[in-house]
Amino acid sequence: MLNRLPPLVYKYDVGNMKDLNRRIARWSDYEQIPEIEMKGVIEGQDAIFQLPQILQSLGVQAGCRVLAVMDETVMLRRGEKLKEMVLGLLANAGYKIERLVLEGDSYGVVHAEFSQVEKVMARLDERCAVLSIGSGVVTDITKHSCYCYCDEKGIRPLPLVSLMTANSVPAYTSPSSIIMKDHVKRTWPSRTPDIIVMDIQTLMDCPLHYTVGGVGDLFPVFCAFADWYLADCMGISNFVDGSWRIMDDVKELLVPYMEEIANRTYEGMEVLGSCLHLTGLTMMFARDSVPMSGYEHVVSHMLDMSAAYDKRKTGLHGQQVGEAMILSLINIEKLFSRLDRELASGGINIDSCYPAADKMEKIVLRVFEPLDPSGKMGRECWSDYAVKLKNWTDARPKFEAFLKSWDTYSAVFSGLLPYTALECARALNRSKHPLLFSELDAPITEERVRWAVRNANLMRKRFTSDDLVYYLGWFDKQWEDDIFTRFYDIVKAVRTED
């Protein structure tokens, strides 16, 4: 198997930031993208033991106070407790270590909420350095806490190092954080760590379900760019070519290395980690999470928002996204196929594509009222959706031009959709990623998934393929049934091939 794998040669190597920056500087649109403020990714089998030297490289000398932010999860590295090992290593190097453990809910799950951000901010001061020990949620809380603290104080950024404990999210290199507002996930401006420590042994020892969650969180690269470009066509977003360009390594290496990732080999963990970091950079270039967060992410957010009402544990975000990505691709494939047919017959009534705001407000509030009778969740969703509805209404000339030039746009979409829903499902299966929502670590009923798929467009202002289907009046019971029939057919086909 190994001799059929493409060689691990990266166009954009996050482990060599100097070379990566040099390559990016050759782009014709280089002046239009933000500067990469992150100093580097320290990668290696035993990179963790470089932590004292890493702090020193940031000007944090022995004797300085280091706030270590983590959750309550017990993590093992070669049978040794990871967090205790790290804290002992830094204490022995002369640092004054302060541990801050973020408490989880009744299931032990830590949620990215502003109450958690406030806890971290209360422990910061202008002279300390910060070390996050964790995955997506701990990283996002820590990044955003440091960002808010320094912004509030008007001071230089605090030294921040992020120790990856799982290959589960692209959050490490993203300059934004996902923090909930009124139980609704929202993207906030944040910062990147100065240095990310990618200790391969830690990633190899991480439980498999976190690793496949990282695979799931990566796969939107094969559909979210199409959602983003669609919004750009409507004048609702701004597509950044560099974000797609830097994904070359992901497109060329991720799918071929699925078995290596599933087996958590050194090479598999290196590829997955590098690809996750590159997707974080795409969001930096876009100044938004939009390159990696389309319709599939909103479906996952809806599932999270309904978890407490359903009295179920909030599941692993990446795994939910991975399965929702298949549904998203099916939706996109159906949308483009029907556009071909309808435009060929001239059957689209543009006047009917613009619902009244008062009608949509009632629909949004009604959908979320069962989950939160106080109405806060519904009002937060409406505040975002109202922006999208106005943008869509104002974009009518763009939409009309889009329909007239559909053949031209269709060719661009083909380049942004390198894999079909079936091909993506095959690759996910090779990584040991679950394919059914009933197989997730926190199983979800088909009824709830259908609810999320049906109403995901009502949650936020970001425009996706689902919004276009909705505004065209095509998302009805038959459309929904067709999506799920195709979804189960794909899963059956993949399982039969396996």
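A residue is called buried when its relative accessible area is under 20%, exposed when it is over 50%, and partly exposed in between, using a 1.4 Å probe and protein chains only. By that yardstick K313 is partly exposed, with a relative accessible area of 31%. The model described here is predicted, so local features need a pLDDT of at least 70 and side-chain atom pairs count only at pLDDT 80 or more, while totals for chains, interfaces and linings use all residues. Residues are numbered from 1 along each chain as its sequence is written, and side-chain values use heavy atoms, with hydrogens and water left out.

Charged pairs are a friendly place to begin. Side chains of opposite charge can pair when their charged atoms come close. A salt bridge is taken to be a side-chain nitrogen of Lys or Arg within 4 Å of a carboxyl oxygen of Asp or Glu, and by this rule the count comes to 35 salt bridges. One of them joins D441 to K313, with the closest N and O atoms 4.0 Å apart. D441 lies in the loop between helix 20 (421-430) and helix 21 (446-455), and K313 in the loop between helix 14 (307-310) and helix 15 (317-345), so the pair ties together parts that are 128 residues apart in sequence. Helices (H or I, at least four residues) and strands (E, at least two) are DSSP runs, numbered from the N terminus. D441 is partly exposed, at a relative accessible area of 34%.

Another salt bridge connects K334 with D482, where the closest N and O atoms are 3.5 Å apart. This pair links distant parts of the chain, since K334 sits in helix 15 and D482 in helix 23 (residues 477-497), 148 residues apart. Both ends are partly exposed: K334 has a relative accessible area of 22%, and D482 has one of 29%.

What is the setting of the salt bridge between R450 and E480, buried or exposed? Both R450 and E480 are buried. Their closest N and O atoms are 2.8 Å apart. R450 lies in helix 21 and E480 in helix 23, so this pair ties together parts that are 30 residues apart in sequence. Salt bridges that share partners join E446, R450, R454, K477, E480 and D481 into one network.

D227, in helix 8 (residues 224-233), offers a contrasting case. This residue is buried yet has no salt bridge, and the nearest side chain of opposite charge, R460, is 7.2 Å away. For such charge assignments, Lys and Arg count as positive and Asp and Glu as negative, while His and the chain ends are not counted. A polar atom of the D227 side chain does, however, lie 3.0 Å from the backbone nitrogen of Y295. Beyond its neighbours within four places in sequence, D227 is in contact (heavy atoms within 4.5 Å) with G294, Y295, E296, S328, I332, F463, T464 and S465.

Helix 5 (residues 136-153) comes next. Its 18 residues reach 26 Å from the first C-alpha to the last, close to the 26 Å expected at 1.5 Å a residue; the expected span is 1.5 Å times one less than the number of residues. Helix 5 is mostly covered, with 13 of its 18 residues buried. What flanks this helix on either side? S135 is placed in the loop between strand 6 (129-134) and helix 5, and G154, just after helix 5, takes a positive phi of about 70 degrees. S135 counts as buried at 16% relative accessibility. Leaving aside its neighbours within four places in sequence, S135 is in contact with T165, A166, S168, V169 and Y172.

Several other loop residues complete the picture. R78 has a positive phi of about 50 degrees although it is not a glycine. R78 lies in the loop between strand 3 (76-77) and strand 4 (80-81) and counts as exposed at 53% relative accessibility. R264, also not a glycine, has a positive phi of about 50 degrees. R264 is found in the loop between helix 11 (258-262) and helix 12 (266-286), where it counts as partly exposed at 25% relative accessibility. G108 belongs to the loop between strand 5 (96-102) and helix 4 (114-121) and is partly exposed, with a relative accessible area of 40%. The C-alpha atoms of G108 and E72 are separated by 7.6 Å, although these residues are 36 apart along the chain.

Notes
Polar contact = N/O pair within 3.5 Å; in protein donor to acceptor, adjacent residues only side chain to side chain.
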